[in-house]
Amino acid sequence: MKETIVFKRIFERQGKAKPPGYDEGWKFFELGKAAAGRFECDKALEYFAKSIAACKNPSPYMDRAAILIKRLRYHEALQDLLEAQKLDRAQSREFVEDLR
């Protein structure tokens with residue numbers, strides 16, 4: 001999955017050291033993706049929130065926004081997407097580069 005790769009690439013591509021909480025954030029992100037794949041949306045939202053708390057990264061914000069949109073929680077989804085965009089610009093511009 002492209003988002004999974006981006007979660008890791010943000011720090012690895014530029015030779016940056018992994019920030020504190022990276023491994024824990026990655027673990028919760030993967031659990032969130034798995035829960036979303038099983039349509040366990042409440043669990044997925046919890047895991048993405050834990051991933052964000054452990055390590056700021058655009059990927060869990062984007063995946064959480066996708067679930068929120070499906071639940072018609074547009075304002076919250078927009079806030080997550082704006083935060084993902086802000087983090088992407090500050091950390092690596094990975095998503096911007098992938099769109100080109």
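**Close-up views of a predicted six-helix model**

Leu-81 is partly exposed, because its relative accessibility is 36%. This and every other value here is computed from a predicted model.

**View 1. A nonpolar patch includes Leu-81.** Ile-69, Leu-72, Tyr-74 and Leu-81 together make a nonpolar surface patch of about 400 Å². Leu-81 sits in helix α5, residues 74-91. Leu-72 belongs to the loop between α4 (58-70) and α5. Leu-72 counts as exposed, at 60% relative accessibility. Its phi is near 65 degrees, a positive value in a residue other than glycine.

**View 2. The whole chain is built from helices, with zero strands.** Six helices make up the secondary structure. From the N terminus, the order of elements is α-α-α-α-α-α. The chain has 100 residues, and 39% of them are buried.

**View 3. Helix α5 has a buried side and an exposed face.** The helix has 18 residues. From first C-alpha to last, α5 reaches 25 Å, close to the 26 Å expected at 1.5 Å a residue. Its buried residues are Ala-77, Asp-80, Ala-84, Leu-87, Asp-88 and Gln-91. Down the axis of α5 these buried residues fall within an arc of 100 degrees, so they line one face of the helix. Turned away from that buried side are the exposed residues Tyr-74, His-75, Lys-86, Arg-89 and Ala-90.

**View 4. Asp-80 of α5 pairs with Arg-64 of α4.** The two residues form a salt bridge, and their closest N and O atoms are 2.6 Å apart. The pair links distant parts of the chain, 16 residues apart. Asp-80 is buried, at 6% relative accessibility. Arg-64 also counts as buried, at 18%; the cut-off for buried is under 20%.

**View 5. Asp-42 and Arg-71 meet in a salt bridge.** The N to O distance is 2.8 Å. Asp-42 lies in helix α3 and Arg-71 in the loop between α4 and α5, so the pair ties together parts that are 29 residues apart in sequence. Asp-42 is partly exposed, with a relative accessible area of 46%. Arg-71 is partly exposed too, at 34%. The structure holds six salt bridges.

**View 6. Arg-73 and Glu-76 form another salt bridge.** Their side chains meet at 2.8 Å, N to O. Arg-73 is partly exposed, at 31% relative accessibility. Glu-76 is partly exposed as well, with a relative accessible area of 37%.

**View 7. Helix α3 covers residues 41-54.** At 1.5 Å a residue, its 14 residues should span 20 Å. The end C-alpha atoms of α3 are 20 Å apart, which agrees. Buried in α3 are Ala-44, Leu-45, Phe-48, Ser-51, Ile-52 and Ala-54.

**View 8. Phe-39 lies in the loop between α2 (22-37) and α3.** Phe-39 is not a glycine, yet its phi is positive, at about 65 degrees. Phe-39 is exposed, with a relative accessible area of 72%.

**View 9. Cys-41 and Cys-55 differ in exposure.** Cys-41 is partly exposed, with a relative accessible area of 23%. Cys-55 is buried, at 3% relative accessibility. A search of the whole structure finds zero disulfides.

Notes: Residues numbered from 1 in each chain as written. Predicted model: local features only at pLDDT ≥ 70, side-chain atom pairs only at ≥ 80, totals over all residues. Heavy atoms only, no water. Patch = residues over 30% accessible without salt bridge, like charges linked within 9 Å, V, L, I, M, F, W, Y side chains within 5 Å. Areas by Shrake-Rupley, 256 points an atom, 1.4 Å probe, with all protein chains shown as cover. Salt bridge = Lys/Arg side-chain N within 4 Å of Asp/Glu carboxyl O. Helix = DSSP H or I, 4+ residues; strand = E, 2+ residues; numbered from the N terminus. Buried < 20%, exposed > 50% of the residue type's maximum accessible area, 1.4 Å probe, protein only. Disulfide = S-S within 2.5 Å. Expected span 1.5 Å × (residues − 1). Arc of directions from axis to C-beta.
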